[in-house]
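Here is an informal walk through a two-part model, with the sequence and coordinates to hand. Keep the viewer open as you read.

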Amino acid sequence: MEKLLDVKNLSISFETKKGIAHAVRNVSFEVYEGETLGVVGESGCGKSITNLAIMGLLPENAIVKADRLNFKGTELLNLNEKSWQEIRGEKIGMIFQDPMSSLNPCYTVEYQIDEVLKIHKPELNKEQRKEKVLSLLKDVGIPAPNERLKSYPHELSGGMSQRVMIAMAIACDPKLLIADEPTTALDVTVQGQILDLLSKLQKTKAMAVIFVSHDLSVVRDITDKIQVMYAGEVIESGSTEEVINEPRHPYTKGLLDSIPNFHKKNTELYSIPGIVPDLLNRPNGCQFAKRCFNRSDDCEEALPNIEQRDNRSLRCLHPVVTEGIKE
Amino acid sequence: MKRFLVERLLQLIPTLIGISLFSFFIIRMVPGDPVLLMLGERGADPKIYMEMKSSLGLDRPVFEQYYSYMENALTGDFGKSIVSKRPVTSEFFARFPATLELGICAVLFAIILGIPAGVIAATKRNTPIDYILMGTSLVGFSMPIFWWGLILIIIFSVGLGLTPVSGRLSVIYDVEAMTGFMLIDSLHPDVLNEEGLAPFISAIKHLLLPTIAMGTIPLAVVARMTRSSVLEVLRAPYIQTAKAKGQSYFKVIWVHAFRNALIPIVTVIGLLFGSIITGAILTETIFSWPGIGKWLVASIHARDYPVIQGGVLFIAIMIITINFIVDVIYTYVNPRIR
């Protein structure tokens, strides 16, 4: 399979009044065609920022550095605004966390989906575009799409809105879809439907998907591989199965242990103690050391290197030894 | 929509009764006597004074006066001016177009310059352009109309000799009042045949300074409101969605952000029409503009009760109507309340 996205040593920092905040440090990953990558980590760990960098949507005070930020042979670093506009929406689609406020309240569903086609498919005429909008609405499972065309966002439920967002994002058959916590704001029942829809579309359209979530249990079902981020660094990655069944980094293990177990009543819920480090004033060594149950003195001396073995990578001096915890 | 219209019309009734009561009694509470003012305070013969008072109906109890005023008003008769002896209604409608023309020009001036200024300031936030635009608008907002009007006259009329000082049209032209709007009347085929475009240009020149004097404060309000409204909208997630679609920066601002930012701006523009009347009183006095502002001030000096009562009521109806139109526009701008 062909390499779609190639990110090597991506660092993103922000100039703030208090100094420079290093939000993302030396993040490297690859996404192949048709593959689903899960990006996991708690709030503020740099998941969304990384993805905004891939879309070129970071705020103006962001400083982006990378050895490579390559999408299908195009170097994205220092791309001009015009070229970005050709990539956004056509080659890379994106959906966001809160579908209700991600749709423009002043325009109809039809207008907003049609807009993407107008920008990127100028060869289509009005009727062809309308036909395409209808078939997109059908693809994302909106009942009675003809009646929904003239609906405004406030007339739609959260799940419906997210379906419309997805229709917009896949309108030009992008090679890559970035889904930034697409189910976080939705009810659990609707969440399942949206996940099913995304994995169905991913297969039929042969898209690669970057699926960002703070919830490992959501990511588990639909991704091929996972990378776990902590304080702007990738600390562990590998195939979904391996990472979930044999977590090596204490943080990954902590995340897995934090998932409440529905079947075990009356047990205390697990949580990782402490808080994420201050991005303006990072510790020298391992960023997770202060919260880690497995730390020793050498952890806080220097930042551990990323160790690559087979398809897994790990940034830890004292990994957890697991003997294949299976459910 | 129909229900909305009917509701608004029903709300009109108590409002108008309230305003009629208010204008009727307030002016009678102000010291001063229209009959005395007409006869001159010295040497008024008590007999003539009483005769005149009863002929105007001012000797009757106040409540009786109000009752007959309302009775006549319901048939469309608002009485006659004590000073000019002409019906209040025709006096009003002879002057109203002049004020409306000036008011519309002033508000358009405010909108056409204020909205782009606000949007530019918002998109160039915290840059010198933003500081210059917002600083200027603060100065404009703080400018007293009477002073600003005089400064404009000194610069453009006295200094540069570009614009006339007073009135609506140069005296050498004779334009018949068809609609009362000079810009429209001067384009009437008869006028065009005889004088060409010259009267129209003269009308524009006469409008220029009063428009600027009256429109400066609304301009500042619109610019500041637009800036803060656009800034707020630019933070919304749907702006990021629009960018993620590959939409150009220009369209993200003008199609996605501006359309949403317009909702509070429309409300403010509606309210501005109300404040235009206050502006009209000052502006019309400075530029000798023959509108209702100047007329009302003169009537208050003369304690011309019927004119004040009728004039205030007409202005109230006008403002209510404009606000109603704004409400209707609002439902088109904001699909959530349709």
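What follows goes from the overall build of one chain to the contacts, the cores and a few single residues.

## Chain B at a glance

First, a caveat: this is a predicted model. Chain B is a helical affair, with 14 helices and zero strands. Reading from the N terminus, then, you meet one α element after another. Along the principal axes, the C-alpha atoms of chain B fill a box of roughly 85 × 50 × 40 Å.

Of the 338 residues in chain B, 35% are buried. As for how the chain folds back on itself, take the contacts in chain B with a separation of 6 or more: 73% of them join residues 24 or more positions apart.

## A helix pair in chain B

For a look at helix packing, pick out α5 (residues 88–123) and α13 (residues 292–301) of chain B. Their axes are 8 Å apart, and the two helices pack at an angle of about 130°. An angle over 145° would count as roughly antiparallel and 65 to 115 as roughly perpendicular, so α5(B) and α13(B) are oblique to each other.

On the α5(B) side, the contact is made by B:Phe92, B:Arg95, B:Phe96 and B:Thr99, while α13(B) brings B:Ile292, B:Gly293 and B:Trp295. Sorted by class, that gives four nonpolar, two polar and one charged residues.

## Where the chains meet

How many residues does each chain put into the contact between chain A and chain B? Chain B gives 18 residues and chain A gives 24. On the chain B side, the elements with two or more residues in the contact are α11 (237–244) and α12 (249–286).

Of these, α11(B) has the largest share of the side of chain B that touches chain A, with seven residues. That side is a mixed bag: seven nonpolar, seven polar and four charged residues.

## The two domains of chain A

Chain A splits into domain 1 (3–223) and domain 2 (236–327). The centres of these two domains of chain A, taken over C-alpha atoms, are 28 Å apart. Their contact draws 14 residues from domain 1 of chain A and 10 residues from domain 2 of chain A.

On the domain 1 side, β2 (19–32), β3 (36–40) and α9 (216–222) of chain A each supply at least two residues. Strand β2(A) gives the most to that side, with five residues. By class, the side of domain 1 of chain A that touches domain 2 of chain A has five nonpolar, six polar and three charged residues.

## Nonpolar cores

The largest nonpolar core has 137 residues, and the members that touch the most others are A:Ala167, A:Ala171, A:Leu176, A:Ile178, A:Ala179, A:Ile210 and B:Val222. Helix α10 (residues 198–234) of chain B provides the largest share of this core, 15 residues. Both domain 1 (3–223) and domain 2 (236–327) of chain A give residues to this core, so the core lies between them.

Now zoom in on B:Val222. Leaving aside neighbours within four places in sequence, B:Val222 is in contact with B:Ala110, B:Ile111, B:Gly114, B:Ile115, B:Gly118, B:Ile265, B:Val268 and B:Ile269. There is also a second, separate core of 15 residues, which includes B:Val88, B:Tyr305, B:Val307 and B:Ala316.

## Single residues in chain A

Two residues in chain A have backbones worth checking. A:Asn9 is not a glycine, yet has a positive phi of about 50°. A:Asn9 sits in strand β1 (residues 3–16) of chain A and is partly exposed, with 13 other C-beta atoms within 10 Å. A:Asp173 also has a positive phi of about 50° without being a glycine. Its place is the loop between α7 (158–169) and β8 (176–180) of chain A. Is A:Asp173 buried or exposed? With 11 C-beta neighbours inside 10 Å, A:Asp173 counts as exposed, because the cut-off for that is 12 or fewer.

Last stop: A:His318, in the segment after β13 (312–314) of chain A. With 16 other C-beta atoms within 10 Å, A:His318 is partly exposed. Not counting residues up to four places away in sequence, A:His318 touches A:Asn294 and A:Ser296. A:His318 and A:Cys299 are 19 residues apart in sequence, and their C-alpha atoms are 8.3 Å apart in space.

Conventions:
Residues numbered from 1 in each chain as written. Chains lettered and ligands numbered in written order. Predicted model: local features only at pLDDT ≥ 70, side-chain atom pairs only at ≥ 80, totals over all residues. Axes fitted to C-alpha atoms, helices over the stretch in contact; angles between N-to-C directions. Helix = DSSP H or I, 4+ residues; strand = E, 2+ residues; numbered from the N terminus. Parallel < 35°, antiparallel > 145°, perpendicular 65-115°, else oblique. Contact = placed C-beta atoms within 7 Å. Nonpolar A, V, L, I, M, F, W, Y, C, P; charged D, E, K, R; others polar. Core = buried A, V, L, I, M, F, W, Y, C linked by C-beta atoms within 7 Å. Buried ≥ 20, exposed ≤ 12 C-beta atoms within 10 Å, placed from the backbone. Domains from an automatic or database assignment.
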